[in-house]
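Visitor: I'd like to learn how to read a structure feature by feature. Can we start with the backbone and work inward?

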Amino acid sequence: MAKTLVKGILPALAAALIAALPATAEAQAVSKGPSGLPLPRFVSLKSKKVNLRVGPGTTYAVSWMYLKSGLPVEIIQEYDNWRKIRDADGTEGWVNQALLSGQRTAVTAPWMRGKGSGVFVNMRHDPQPNSALVAKLEPGVVVKLNECNGDWCEADYEGTEGWISQAEVWGAYPAEVFK
């Protein structure tokens, strides 16, 4: 009797799980905030001076101040004209959307900072691992991203252009493609 019950339940359970999978995957792929833009997403700081607040409004305390424009940040939440962001070090807080830019930038291998003086991120002439070296960048360098093809990002560092492995930057998602 128990074997018959299990035989009847298992196919029904499997069918229910399979039916639910496409909806779950679709919902995750289309995660959008109130602005209609995807969440999470990468942007950069527009202003040289940006207050990071503990909540979405000017009445909330400032927990940190960024003093460099162009730093990449990840928008992880939206509320009215405020955006909850995360930086390459994992620090989170709220900034006004007017202080953010759609310009894509990235930090080269921030997880490798402090690992020694011989650690570099290679910038190459073409998006291939055996292409000629254009530059060796230290971990933590901010670069402007022109495009990413899912494996490589075309980047600009102080006028030097080349390709960096997408796995070696914080500012583009794995396999993300954009121009």
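Visitor: Where is the place of E158?

Guide: This is a predicted model, by the way. E158 sits in the loop that runs between β12 and β13, the latter spanning residues 160-165.

Visitor: What should I look at in its backbone?

Guide: Start with the sign of phi. Most residues other than glycine have a negative phi. E158 is not a glycine, yet its phi is positive, about 50°.

Visitor: Is E158 buried or exposed?

Guide: Its relative accessible area is 69%. Exposed means over 50%, so E158 counts as exposed.

Visitor: Which loop holds A109?

Guide: The loop between β8 and β9. A109 is another non-glycine residue with a positive phi, about 30° here. As for its surroundings, A109 has a relative accessible area of 3%, and is therefore buried.

Visitor: What about peptide bonds?

Guide: The general idea first: most peptide bonds are trans. In this model, L39 and P40 are joined by a cis peptide bond, with omega at about -10°. P40 belongs to the loop between α1 (2-29) and β1 (41-45).

Visitor: How many helices and strands does the protein have?

Guide: One helix and 15 strands. To see how the chain folds back on itself, look at contacts with a separation of 6 or more: 53% of them are between residues 24 or more positions apart.

Visitor: Can you show me that on a single residue?

Guide: Take V107, in strand β8 (residues 105-108). V107 and E168 are 61 residues apart in sequence, but their C-alpha atoms are 8.6 Å apart in space. Setting aside neighbours within four places in sequence, the contacts of V107 include P72, A88, G140, V142, E168 and W170. Its relative accessibility is 6%, so V107 counts as buried.

Visitor: What fraction of the protein's residues count as buried?

Guide: Of the 179 residues, 36%. On the outside, the protein exposes about 10,700 Å², and carbon and sulfur atoms supply 57% of that area.

Visitor: Which residues touch the most other members in the largest nonpolar core?

Guide: When reading a core, look for its best-connected members. Here they are V143, L145, I164 and A172, in a core of 16 residues. Two or more residues of this core come from each of β9 (121-124), β10 (133-137), β11 (142-149) and β12 (152-157). The biggest contribution is from β11, with three residues. A further core lies apart from this one; it has 11 residues, including L52, V73, V95 and L100.

Visitor: What does I164 touch?

Guide: Not counting residues up to four places away in sequence, its partners include T108, V121, M123, L137, V143, W152 and V169.

Visitor: Last one: how do I read the largest pocket?

Guide: Go by volume, then lining, then chemistry. The largest pocket holds about 210 Å³ of space. Its lining is made up of W64, Y66, L71, P72, D87, A88, D89, V107, R113, G140 and V142. By class, that lining has seven nonpolar, three charged and one polar residue. You've met V107 already: it is one of the lining residues, and P72, A88, G140 and V142 are among its contacts.

How values were computed. Residues are numbered from 1 along each chain as its sequence is written. This is a predicted model: local features need pLDDT of at least 70, side-chain atom pairs count only at pLDDT 80 or more; totals for chains, interfaces and linings use all residues. Side-chain values use heavy atoms; hydrogens and water are left out. On a 1 Å grid over the protein atoms alone, a cavity is a set of points where a 1.4 Å probe fits but cannot get out, and a pocket is an open set with protein on both sides within 12 Å along at least five of seven lines; lining residues have an atom within 4 Å of a point. Grid points are joined across faces, edges and corners, and a volume is the space filled by probe spheres set on the points. Ala, Val, Leu, Ile, Met, Phe, Trp, Tyr, Cys and Pro count as nonpolar, Asp, Glu, Lys and Arg as charged, and the others, Gly among them, as polar. Helices (H or I, at least four residues) and strands (E, at least two) are DSSP runs, numbered from the N terminus. Buried means under 20% relative accessible area, exposed over 50%, partly exposed in between (1.4 Å probe, protein chains only). Contact means heavy atoms within 4.5 Å. Accessible areas come from the Shrake-Rupley method with a 1.4 Å probe; for residues, only the protein chains shown count as cover. A nonpolar core is a set of buried Ala, Val, Leu, Ile, Met, Phe, Trp, Tyr and Cys residues joined through side-chain atoms within 4.5 Å.
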